[in-house]
Amino acid sequence: MNKFIEFSDIKKTYKVGDIEIHAVNGVTFSIDKGEFVIIAGPSGAGKSTVLNILGGMDASDGGNFFVNEKEVSKLNQKELTTYRRNDIGFVFQFYNLVQNLNALENVELATEICKKSFDPKTILEQVGLIDRLYNFPSQLSGGEQQRVSIARALAKNPKLLLCDEPTGALDYTTGKSILKLLQDTCRTTGMTVIVITHNLAITPMADKVIKMKNGKVESITINETPTPVERIEW
Amino acid sequence: MGKTLFKDIFREIKKSFSRFIAILAIIAIGITFFVGIKMTCPDMKITADQYFKDNRLMDFYLVSSVGFNKEDIESIKKVDGIKGIMPSYSIDAMIDIEDTSYVVKINSLPNTNDENYINRPLLVSGRLPTTTGECVIEKSNFKENNFEIGSKIKLTSGNSSNILDNVSTDEFIVVGIVQSPLYISKERGTSVIGNGKISTFMIIQESDFKLPVYNGIYITASNSEGSFAYTDEYDNKIESLRKSLEDVATVRSNIRYEDIKLEANIIIQNKESELKTAQANFANVSKYLTLNQKNDSTQEFATAEKEIQDAKDKIGSLPKVTWHVLDRKMNVGYVEYENAADRMDAISKVFPIIFVLVAILICFTSIGRLVDEQRIYIGTMKALGYRKRFIVLKYLIYASFASIIGGIIGILIGFTAFPSFFANAYSALYTLPKLILQFDNTFAILVMIAAVLVTSLSAITVCYETLMQNTASLMVVKAPKPGKIILLERIPFIWNRLKFTHKVTARNLFRYKSRFFMTVVGVAGCTALLLVGFALKDSIGTIGTKQFGEIYTYQMSVNTKDGLSKSEYENISNLISNIPNYEAKLNLLLKSIDIGLGSKESSCNIIVPEDTKGINDYITLHDRVSQQKYILSDNEVILTEKLANVIGAKIGDDIYIKNGEKDKYKVKVSGITENYLLHYLYMSPKLYENLYLIKPEYNQIDVKLTALEDSQKDIISKSIVSSKGVASVTFSNDMLKTFVEMINTVNYVVLILIVAAALLSFIVLYTLTNINISERIREIATIKVLGFYEKEVSSYVYRENLILTLIGSLFGLILGFYLAKFVIGTAEVEMLMFGREIYPMSFVISVLLTLVFAWFVNVVLLKKIKNINMVEALKTVE
Ligand SMILES: Nc1ncnc2c1ncn2[C@@H]1O[C@H](COP(=O)(O)OP(=O)(O)OP(=O)(O)O)[C@@H](O)[C@H]1O
Ligand SMILES: [Mg+2]
């Protein structure tokens, strides 16, 4: 049986002047449907680059990868957009909400273009923001903004939720609640979730931990019994 | 410090090149158009003036109904203030080229080379005639059939007379090609031979003429030299000479009249004494004659007696000798050319307003954005203890640099290429030497100062705005403008009906108020320029068809000479009735008079139709707006619209009609009728008789003809022109054609306005959209990540642009409407009324063109949106 995600020997090289930077230098891994995966590693290891390639935001220059038996590495620009539109949800460290839209509208922005999307209000209720529907980003705290951002990603009902350091800008408790939200979503909806983090302490909560270093996979660990995030302290 | 500062500035320019170019371009384009259009008029006029001076164009031109003899000339020479005086001969003759014959005007070339040599032809090639049988001919007009040097021209008289009675030979050899300051437009005037239209002119030696008297006298004034043609100063200066010439004209025309009478009387006396002698002889010899012979002789005596009686009658009704003192304004080319130049000048009044506005706008946005991007740099400089003045200097130099380069480019193009473009366009209509390009130092410096002021002041303003904030807040990147609930949301009825993306657009529109304002102003300027252009075309372009199609509904008009006898007039009238295409005709009296109201006076033409009820079938008398027809009553007059405006008369006002210097007749105005060309006053024959105490002597016949072809026109006009007493034959649709041709120059103005509008909208929309995209790059990247297709992304960004463009366009229509009114008002010349309506189509086209320009900018910037790198854009900290 094929895996949900098959990443084989993916490469990405940046050229800065005469120097070639191998940001991702032959990365191979696979992920099952419904898995909660953490990608960890030091700064500059190539984590974000991998996630961007996986999410169809960036193109690789070597290797190939499949998502749900579709060879994403072969898609053209327009097909990549369709792929992002229907299959991918993104959560960023800096939320990237549209300042001029309130919470509800930020979610609607995403559902507007998807066929099988969820009701924006329900999703915002799930992330605990039912009272803040009509607030603009500038009127929300960082944690709340990140929730909106997650709600926006979830509302599209993606097959794959990609989060690049979603707690990077948040305090301990808020960060924890965000991670819980992600873990719960994964468990209850069976959505595949990939989270990048610097924080090695939270790796026990994942089904699979991919450690990266210098553009390569250092190790892949599988947790048979992941710990719920509430029970992790750091 | 200086060196690093400049290095820094240059790096900045390189980094934000498109913005730098935008400032530079708006200044360059603004100045090009402003200077260019402003200089076109004086350049055109100075070129003409130089031409007139170099070639001694006359200041006055005298004509007389009986020509001029030696004594006339001697007495004119005595007048003070004359610099040069050139009596001249002139006849019209026919030339046959292939199957067509053309009327040629033949003028005389004097053999002097001093100041008395006036209206000197400008030699294009070859040489001037030096002996008998040589001629020079003009270049243009015969388009395909230009004569070349060495070719022979055969002349015929065009009527029953023999050409050799007037000139020494009927065959001339072309020795040179010339232009003449007398004929700068295509119009060569009318003739009483051929088809009545002069096609070209040629010049032969004075000694080749065999005329008993001179036809005209050209005069230059000694005090006009220092002033420029087409100026009030010129007009005023020559006034004193006009007075003196008119005085001589009165005296001499009376003397000539008496002379002619005397001569005629002498002849009659001689005839009478001859008759007497013959009768006496007859009495002596009658007894030797047969009855038949007797009868014959008696018959002869009776005829002779009758002849003498007729001659006596003729002396009794001998037409007064009239002299006319004409000036340059009687020369069609001279006046037309001035009008063309003035039209350009009127347009130049719109440009500064719009371009200054837009230049300020572009500088504000561009430098504002630059300063925003450099908050941290500015904050650091401030923290380091640099004075505000020093920090501002960088942006000041940046802006001034752009405007100085832009200004220099604008001035260079504006003073040279632009007027040349127009001169080139006009060269199809006016024959003049190469355009003289003037460089006006003061004007250039003023324009330059204005440009630098506009840019540097906007730079200083935006800089100080930022510098006034405290240093700490400068060190943080400017927070994006927070979202806000807009007014529209409070109207759920509308808001809830909007599609989601439309809500976003609505929010953004109100979020960026300054961008809203600037786009609207810029686009409005663009649409306004377009509308001014099209409105000019509408108002000028249509007066021909209105005047010669809707107002004058006759097809042909025949003017008769003054002092015709009743039978001669009848003859002409019968001739007209016998034209195959003839339908109906109307007799009119046309003469020029002065009228006034209060202190305002104007000269105009009085028209008295023989049939007051029938006039509306020939000349439509109606109100322009309501189209309400007027009936000419027996105690009131009707004025044409512009004339009424000039003297300030309204319906019901009592105006006066001047008769001579002292007499003033009071009449009531019963109607003000639509009319575009020249001034007219209409009155009934009865009223005319009441006022002038004589019956009107009709001198114009307006004729309705059934459909006719051009070839028929020639035949008709030839047959009428050749009959005695006809002064001219004109066809309405010929007039229309000439008019349309002249008016066509307005197309160049429209073209220029379209180009200006296109450039303007491009710079404005490009700058604003470009900044809009840079400011919202994260937002755009975000929606790209969400999976918006390219089309969706661009419509997400551009929908606002479209709406702003539409709003701007609507404002532009309003602005343009008033600007157009102003421009048309200024461009209008005294004797002409421009149309007052702007066609709905012009509004539509102005908006559509604006949208096309906006669309073009969007297409150009689409690439920028397409090239936004999601990863890069989202990497930076918010
Ligand atoms: N546009 C680029 N141009 C040049 N080099 C780049 C570019 N983007 C990334 N890199 C380089 O690629 C490498 C991997 O970058 P990436 O952002 O994937 O690291 P990361 O693991 O996400 O680090 P962090 O934890 O700091 O976010 C780094 O060395 C980075 O300098
Ligand atoms: Mg990263």
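Which residue of chain A forms a salt bridge with B:Arg507, and how far apart are the closest N and O atoms? In this predicted model, the partner of B:Arg507 is A:Glu105, and the closest N and O atoms of the pair are 2.5 Å apart.

**The interface of chains A and B**

The salt bridge between A:Glu105 and B:Arg507 belongs to a contact to which chain A gives 27 residues and chain B gives 30 residues. The size of an interface is often given as the accessible area lost when the parts come together. Here chain A and chain B bury about 2,700 Å² between them, and 61% of this area lies on carbon and sulfur atoms. On the side of chain A, the residues that lose the most area to chain B are A:Gln99, A:Asn100 and A:Leu109, which together account for 22% of what that side buries. Across the interface there are two salt bridges, and 10 residue pairs are in polar contact. The elements of chain A that give two or more residues to this side are α2 (77–87) and α3 (103–111), and α2(A) gives the most, with five residues. Sorted by character, the residues of this side divide into 10 nonpolar, eight polar and nine charged.

**Two sheets in chain A**

Strands of a sheet pair through backbone hydrogen bonds, either parallel or antiparallel. Chain A has an open sheet of six strands with mixed pairing, in the order β6-β7-β8-β3-β9-β10, and its edge strands, β6 (88–91) and β10 (216–222), each pair on one side only. Neighbouring strands of this sheet are turned by 15° against each other on average, direction ignored. Helix α5 (residues 142–155) of chain A packs on this sheet, where it touches β6 and β7 (160–164), and the direction of the helix makes about 170° with that of β6(A).

An open sheet of four strands in chain A has antiparallel pairing and the order β2-β1-β4-β5, with β2 (19–31) and β5 (70–71) as the edge strands that each pair on one side only. Helix α1 (residues 47–54) of chain A lies across β1, β2 and β4, running at about 120° to β1(A).

The table sets out one strand pair from each sheet.

| Strand pair in chain A | Sense | Bridges | A residue pair |
|---|---|---|---|
| β3 (36–40) and β9 (208–213) | parallel | four bridges | A:Ile38 and A:Val209 |
| β1 (5–16) and β4 (62–67) | antiparallel | five bridges | A:Ser8 and A:Asn64 |

In the parallel pair of β3 and β9, A:Val209 is thus the bridge partner of A:Ile38, whereas in the antiparallel pair of β1 and β4, A:Ser8 stands opposite A:Asn64.

Technical notes. Residues are numbered from 1 along each chain as its sequence is written. Chains are lettered from A and ligands numbered from 1 in the order in which they are written. This is a predicted model: local features need pLDDT of at least 70, side-chain atom pairs count only at pLDDT 80 or more; totals for chains, interfaces and linings use all residues. Side-chain values use heavy atoms; hydrogens and water are left out. Two strands pair if DSSP finds at least two bridges between them. Axes are lines fitted to C-alpha atoms, for helices over the stretch in contact, and angles run from 0 to 180 degrees between N-to-C directions. Contact means heavy atoms within 4.5 Å. Buried area is the accessible area (1.4 Å probe) that two parts lose on being put together, summed over both. A salt bridge is a side-chain nitrogen of Lys or Arg within 4 Å of a carboxyl oxygen of Asp or Glu. A polar contact is a pair of N or O atoms within 3.5 Å; within protein, one must be able to donate a hydrogen and the other to accept it, and residues adjacent in sequence count only if both atoms are side-chain atoms. Ala, Val, Leu, Ile, Met, Phe, Trp, Tyr, Cys and Pro count as nonpolar, Asp, Glu, Lys and Arg as charged, and the others, Gly among them, as polar.
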